[in-house]
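Trainee: I've got a model open and I'd like to learn how to read it. Can we walk through a few features together?

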Amino acid sequence: MKFHFIKICCALFIVVFGMTACSDSNKEKQPNIIFFLVDDMGWQDTSVPFWKEETPLNKKFHTPNMDRLAADGMKFTQAYASCVCSPTRCSIMSGMNAARHRVTNWTLYKNQTTDNEDDVLVFPKWNVNGIQPVGGIERSTEVTTLPTILQQNGYFTIHCGKAHWGAKDTPGANPLNLGFDVNIGGHCAGGPGSYLGIHNFSAAWRNGGTIWDIPGLEKYHGKDINVTEALTIEAEAAMDSAIAAGKPFYLYMAHYAVHVPLEPHNPFYQKYKEMGLEEPEARYASMVEGMDKSLGDLMDHLDEKGLAENTIILFMSDNGGLSAHGRGGTPNTHNKPLNSGKGSAYEGGIREPMIVKWPGTVEAGSVCNDYLIIEDFFPSILEIAGVSGYQTKQVVDGQSFVPMLKQKGTTADGRDLYWHFPNKWGASGPGIGTTSTIRSGDWKLIYWYKDQHFELFNLAEDIGEKNNLVVNNPEKVEELAVKLSRHLREMDALRPLFKESGEPVPWPDEI
Ligand code: CA
């Protein structure tokens, strides 16, 4: 009897000890993840060259910490997002292509569109209320969000900075309703009233709307501090609390920078003035360097805490650099050699600076020239976190880019990328309009709804999209128009109507 008791005790000990050891080793395997998302940062607004050669813009901008990250990680030269904020951010949270989630323009007030009026087109009833954690909210998409899944799998989820997923007075406006344990400064609005603590991060001092006031940073009000720095301090504290709780963290570090309003970021501003940069370029460049310092501070913090080796950092921007308004200067040089900027279907509106550091997995100083698109971050981050077999309310369109990170394959071969913007953004400029776009290999076809014409470019030969090849390539135009239309129908995409007749504008393959 006694012998049996000892045997049972031993067995129990082995089971309990084994389980503990097993769960401990699982915990060890769960890495920390920082998704460092910049707002409105262009492909060339950095000293890291993302093109085949260094450009004058790479010399103008100083981003030593992006240089450091690129030296430690993999640089992606053809990473894409949507051309404005909310569509990109909703794709990150849902893994859905914008044509499917239907949050195709930027969100703000409940049930109110941000589309500008047009003389020919009426814009469809897109999801102006954004993504939501629950059903039953009109003009929104109910989704299982990325941080919700991470939370369910043991992660401490931190939202820091700009959210911009759901309209004011809806649950989706608050990151705490979308799977985040902590919310630092995020709400419905897609820009800050001010970057400056002396203005309480509000536009009130210049008689701007209070809708842009950044919530929850009251302790910095009246202080001589930039919000980029305040957010960094708060993010570090939140990471520390995750560590104290013994949990891996997902830090979604979504800076308000470098979105308008363009305000000097000290102490960097003076240097750019002395370099001879005119306004507002000196202010903008100082904001870029301020953002870069935040990246460096976070990396230093990881080093100090001994976390650097078990933390993956993904760097990305949500749309192209602003060139159409609010920047001044000569707009068409802002994203050179790319054409145009934010809001445009051209490369300047959608191609982003992307870097991933994954110690022990990603080869330091490596480069990936395969293309990918913003919804790919959803499955990629879950794969990096070791989460599989998850269930989502939505169809996930994104494909994991982990094979590229490991240099064990690519998702780019035989894959086409799609953008859908059945809207009208509030500025004019090259490639800014109501469009749907397909990228297939080196080819890119843009369909313009207003007058139903096409543009065809070969990006390998013409990265600046100057030579429309439609006339000499009717077969390629037809092939891509058919693919693009098939995609839009499959997604049940919305399309604009003609104002005069009320009829929908034809799909690209109906032309
Ligand atoms: Ca943006």
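**Reading strands and helices**

Mentor: Sure, let's start with a strand pair: isoleucine 34 has leucine 251 in E8 as its bridge partner. Keep in mind that this is a predicted model.

Trainee: How many bridges join E1 to strand E8, and do the two run parallel or antiparallel?

Mentor: Five bridges link E1 to E8 (residues 249-254), and the two strands run parallel. E1 also pairs with strand E9 (residues 311-317), again parallel, through seven bridges. One place to look there is valine 38, which sits opposite serine 317 in E9.

Trainee: Which way do the side chains of E1 point?

Mentor: The general idea is that side chains in a regular strand alternate between the two faces of the sheet. Here, Asn32, Ile34, Phe36 and Val38 point one way from E1, while Ile33, Phe35 and Leu37 point the other way. Residues on both sides are buried, and the count for E1 (residues 32-38) is seven of seven.

Trainee: Now helices. How do I describe the way H3 and H9 meet?

Mentor: For two packed helices, you give the angle between their axes and the distance between the axes. The axes of H3 (residues 64-72) and H9 (residues 281-304) come within 7 Å and cross at roughly 50 degrees. That crossing makes H3 oblique to H9.

Trainee: Which residues meet there?

Mentor: From H3 you have Pro64, Asn65, Met66, Arg68 and Leu69. They meet Met291, Asp292, Lys293, Leu295, Gly296, Met299, Asp300 and Asp303 in H9. Sorted by class, the contact has six nonpolar, two polar and five charged residues.

Trainee: What span should H9 have, given its 24 residues?

Mentor: At 1.5 Å a residue, the 24 residues of H9 should span 34 Å, and the end C-alpha atoms are indeed 34 Å apart, so the two agree. H9 is also mostly covered, with 18 of its 24 residues buried. Just after H9, glycine 306 takes a positive phi of about 70 degrees.

Trainee: Last one: is serine 440 buried or exposed?

Mentor: Buried means under 20% relative accessible area. Serine 440 comes in at 11% relative accessibility, so it counts as buried. You'll find serine 440 in strand E14 (residues 435-440).

Trainee: And what does serine 440 touch?

Mentor: Leaving out residues up to four places away in sequence, serine 440 touches Tyr371, Asp416, Leu480 and Lys483.

Key
Residues numbered from 1 in each chain as written. Predicted model: local features only at pLDDT ≥ 70, side-chain atom pairs only at ≥ 80, totals over all residues. Heavy atoms only, no water. Axes fitted to C-alpha atoms, helices over the stretch in contact; angles between N-to-C directions. Helix = DSSP H or I, 4+ residues; strand = E, 2+ residues; numbered from the N terminus. Parallel < 35°, antiparallel > 145°, perpendicular 65-115°, else oblique. Contact = heavy atoms within 4.5 Å. Nonpolar A, V, L, I, M, F, W, Y, C, P; charged D, E, K, R; others polar. Expected span 1.5 Å × (residues − 1). Buried < 20%, exposed > 50% of the residue type's maximum accessible area, 1.4 Å probe, protein only. Pairing = 2+ DSSP bridges.
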